[in-house]
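Trainee: May I request a close look at one part of this model, with the surrounding features explained afterwards? I would be grateful for an account that a first-year student can follow on the screen.

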Amino acid sequence: MFRVFNCLTDAHNPWLVLLAGAVCFLASLTATHLIRRAKATRSRAHAIWIVTAAAATGCGIWATHFIAMLAYEPGVPVGYDLGLTLLSLVVAIVFTGVGVTVAFHAPVRGRILVGGCIVGAGVMAMHFLGMTALQLPGTVVWAPDLLAAATGIGVVLSSAALALIVRHDDRYGTLGGAGVLTLAIVALHFTAMGAVTILPDPTKLFNGMALSEVALAIAIANAAVAVLGMSLAVAFADHRFHEQSRRLAVAVNNMSQGLVMFDTAERLVVCNERYLRMYNLSPEIVKPGCSLRDVIRHRIATGSLDKEAEAYRDTLLNSINKHTAISWIVDTPDGRAISVINTPTASGDWVATHEDITERRLAERELERTRGFLDMVIESVPVTITVKQLPEMRYALVNRAGEKYFGLEREHMLGKTAKEVFSAETAHKIMTNDLSVVRSGMETFFDIHPVTTPGGGTRIVTSKLLPVMGPDNQPQYLVSVIEDVTERKRAEARLAHMAHHDLLTDLPNRAAFNETLDDTLARAKEQGDSFAVLCIDLDHFKEVNDVFGHSTGDALLCEVSRRLQEAAEGAFIARVGGDEFILLADGVQPAVAEALADRLVACVAQEITIEGHPLRIGLSIGVALYPQDGADAEMLLANADAALYRVKDEERGTVRFFEPEMDERLRERRALQNDFATAIANGELSLHYQPQLRIGGEVSGFEALVRWRHPVRGNVTPAAFIPMAEESGQIMALGEWVLREACREAATWPTPRRIAVNLSPIQFKHGDLVELVHTVLLETGLPAERLELEITEGVLIGDFSRALSILRRLKTLGVRIAMDDFGTGYSSLSYLQAFPFDKIKIDQAFIANLERNPQSAAIIRAVIGLGHGLDLPIVAEGVETQAQLDFLSRESCDEVQGYFVGRPGPIAGFAVLVGRKPLIEAIQAVG
């Protein structure tokens, strides 16, 4: 190296050496910029930049060498061979171009080292050609060691320079690459020059084509100018490139989309900031030059990609290789939606845009939800909605209710006009209404009117038409809201009919009768006419219901109603109660009323067969005449009802016209009924007790019998007020009072006799009888086995299942159940089989006829035998003679009850029998 230093300091002009270094650095810097431009371009532009870079580098190397040769002072005159000089320039350019190309594109590992070796070899080759072109009177001798060192320095430093230029795009890479390349050229040249020794040889002559130092200086100047020109061009291009790059970078980084671009080698070329922020990626990893795999792995690591790396890459590259755009939507973990579109370019690169469509997607989903909600609302609206598009008036929308209303699927209506859907007449009406609304431009309501639909028949509807204006403020659509009121009108008609007609028989009801009676009264007063009011009641209808059930009773009512209508021959007839009817008969009275009443009685005189049962009923009719029996509706009805009451009280199945005394009796009955309502509260009721004796004379118990002492009328018989209480519903309060008083009294008897209490069938139909009995027993403290409840067959006839259930619950309490008035009903034997009664009481009617009617004796024997066979005690009621008692004794009847063995009376009269007085006093009291 000392030889090199000596050569540099002793044999060279220092100013020219500095000039050579400066030219070399300028050329290297120019070459570095040109190489970077080549790196940033593709195809033809890339090749142009490579050639230009090679030319600049080759000229710089060549100029550096020959400036340094001018600075060399061998001490003898020198010249330069023109051919070799030019060849050295070409070699420098070619080797540089090949080396840069290899460094960029060679498909081998270490391509940058190979390219550096080629560039270093080119510099060395140019140097030797330049030295060979040197002509002087002497011989050049080379020092092998320095020659090898120069070659090594050139190769190593050239490789390092290319590595800096290719791998680093920043300013330091540019300056460092240019500096190292300059050092490679200068170090190789001066190390090689240090290896040169010139041996004088006067025999050597100059070639005629040899360049003088002046000519060489001119050539060097031209090369320098070329390098300077290229430097200026590169500087200008670099300024424009940087300005364009800056503008492009600003534009790209301000895009609302993320943008990335990859080259054919799967290297990232462009990546804007929006892309990095969108996926929270590191700019230290995702930057130009990184590979597609690096980007994918980084995205997977940051959680912005949930796909398998290689599968994702293969899918992407397959599409790019087919020159087909590919797109998808990525849902990020933080809830965003990113639309990704990868588009290939003609050169084989591809650009990917990443757009955050979260808001748009939410808006679209909201719009879709809103549209779906509106569609659901329109489809769910129970009225018909249609939309027609103007001006053709073609159906554009029909909702589900419309399909049902039109009786036609909407597919058969959409796109069609009314003429194509409806009949000509209906279509004409529709079009007329539509046109009138379109012309007016205002919402229009069409009240109730009929429309004949294609598949739904004639419907009664209301409709509202509304024009919808377009952007030009002209009607664009016509909305129709059609409400089908057909069923409502039918329902209103049915309700109106039901409000004035009986549901079972379809006869007019009381409301209709009252209206008709008022109209008849007004007309009769105005015209001076007369008419009759006939109140009708069916005889024995309750027995039909009790025996055969309500369905048979209802069928009977319908048949009787039909016959009454036929017999009335047009007279107004109404059903106003269960088996009650009222007729209004116009004409000359009383003749018309008498004839009508006779026809009515005759129409049901014959046997009526219902559900296979031959039934016989009759009519009781009360008649009142206008004006003699009343001048207003209330009086006429009251008097007709009074006449009917007289018929039912005296002779059912007949006709009675009102007489003044009937009104007095009816008022008396109603007054009595009103007085009974307060009898319990006023303490007017009391209990009498009738003893029940075993056939041997021992008292087994008492039956409690209610008595009413009216403060004005005196004693009122049970036969008068008990039926009245049952009719009015007051029997419920009466029955509870009797039960509580009887149990309270019996609970105080020292001798524990049984107490019998009668129950009404109405008590089984209303309220909770079992709960009442249980409560009374608890309140009074009477043991359940001492209470005997007596029922008639009427309890079981009305609702057998319910009554049987109640009886079983009562039996569970421990009370005794007795069948009263046995033998007077229809199905006593079946009742005995259905329920385990504790006692049977023979009706007193059989006992009363015992001495006059042999059949009664036979019946009594049969009942006693039946009771013994069922192990049931038999009680005979109504025993009033010794003969009756003797007969019952002979027939082994178990117990007797009646006036002959004990009259009913206050419990004080039976004090000894319940353990309150000595026996002698009791005997005296009874005797």
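Trainee: Through how many residues does a hairpin join strand 13 to strand 14?

Mentor: The hairpin between strand 13 and strand 14 passes through three residues. Please bear in mind that the model is a predicted one. Strand 13 covers residues 444-453 and strand 14 covers residues 457-469; the strands run antiparallel and are joined by eight bridges. To find your place along this ladder, look for Pro450, which stands opposite Ile460 of strand 14. As background, the strands of a sheet pair through backbone hydrogen bonds, and the pairing may be parallel or antiparallel.

A hairpin is also found earlier in the chain. Strand 11 (residues 384-389) and strand 12 (residues 394-398) run antiparallel, with four bridges between them. Within this pair, Lys388 faces Tyr395 of strand 12. Four residues separate the strands of this hairpin, and Met393 belongs to the turn. The loop deserves attention for its backbone. Most residues other than glycine have a negative phi, and most peptide bonds are trans. Met393, however, has a positive phi, near 60°, although it is not a glycine. In addition, the peptide bond from Leu390 to Pro391 is cis, with omega near 5°, and Pro391 lies in the loop between strand 11 and strand 12. Met393 counts as buried because its relative accessibility is 4%, which falls under the 20% limit.

Let us now turn to the sheets. One open sheet has five strands in the order 7-6-10-9-8, and its pairing is antiparallel. Strand 7 (268-271) and strand 8 (326-331) are its edge strands, each pairing on one side only. On average, neighbouring strands of this sheet are turned by 15° against each other, direction ignored. Within the sheet, strand 6 (residues 257-262) meets strand 10 (residues 350-356) through six bridges. Val260 is placed opposite Ala352 of strand 10. Helix 11 (residues 309-321) lies across strand 8, strand 9 (337-344) and strand 10, and it runs at about 150° to strand 8.

An open sheet with mixed pairing is made by five strands in the order 17-18-16-21-22. Its edges are strand 17 and strand 22 (655-657), each of which pairs on one side only. Here the average turn between neighbouring strands is 20°, direction ignored. Seven bridges link strand 16 (residues 531-539) with strand 18 in the antiparallel sense, and Cys535 has Ile582 of strand 18 as its bridge partner. Helix 17 packs on this sheet, where it touches strand 16, strand 17, strand 18 and strand 21 (618-626); its direction makes about 20° with that of strand 18. Helix 21 (residues 633-650) packs on the sheet as well, touching strand 16, strand 18, strand 21 and strand 22, and its direction makes about 145° with that of strand 21.

At an edge of this sheet, consider Arg575, which lies in strand 17 (residues 572-575). Arg575 is buried, because its relative accessible area of 12% is under 20%. Its side chain reaches the backbone oxygen of Gly577 at 2.9 Å, and a polar atom of that side chain lies 2.8 Å from the backbone oxygen of Gly578. Leaving aside residues up to four places away in sequence, Arg575 touches several others, including Asp502, Leu504, Arg510, Leu557 and Phe581.

The loops around this region also repay inspection. Asp506 sits in the loop between helix 16 (486-499) and helix 17 (510-527). Its phi is positive, near 65°, in a residue other than glycine, and Asp506 is partly exposed, with a relative accessible area of 45%. A cis peptide bond runs from Gln589 to Pro590, with omega near 10°; Pro590 belongs to the loop between strand 18 (580-586) and helix 20 (591-603).

Finally, a helix pair may be examined. The axes of helix 26 (residues 769-780) and helix 28 (residues 800-813) come within 9 Å and cross at roughly 15°, so these helices are roughly parallel. Their crossing is right-handed. Leu769, Val770, Val773 and His774 make the contact from helix 26, while Ile806, Arg809, Leu810 and Leu813 make it from helix 28.

Notes
Residues numbered from 1 in each chain as written. Predicted model: local features only at pLDDT ≥ 70, side-chain atom pairs only at ≥ 80, totals over all residues. Heavy atoms only, no water. Helix = DSSP H or I, 4+ residues; strand = E, 2+ residues; numbered from the N terminus. Buried < 20%, exposed > 50% of the residue type's maximum accessible area, 1.4 Å probe, protein only. Polar contact = N/O pair within 3.5 Å; in protein donor to acceptor, adjacent residues only side chain to side chain. Contact = heavy atoms within 4.5 Å. Pairing = 2+ DSSP bridges. Axes fitted to C-alpha atoms, helices over the stretch in contact; angles between N-to-C directions. Parallel < 35°, antiparallel > 145°, perpendicular 65-115°, else oblique. Left-handed = near helix turned anticlockwise from the far one by under 90°.
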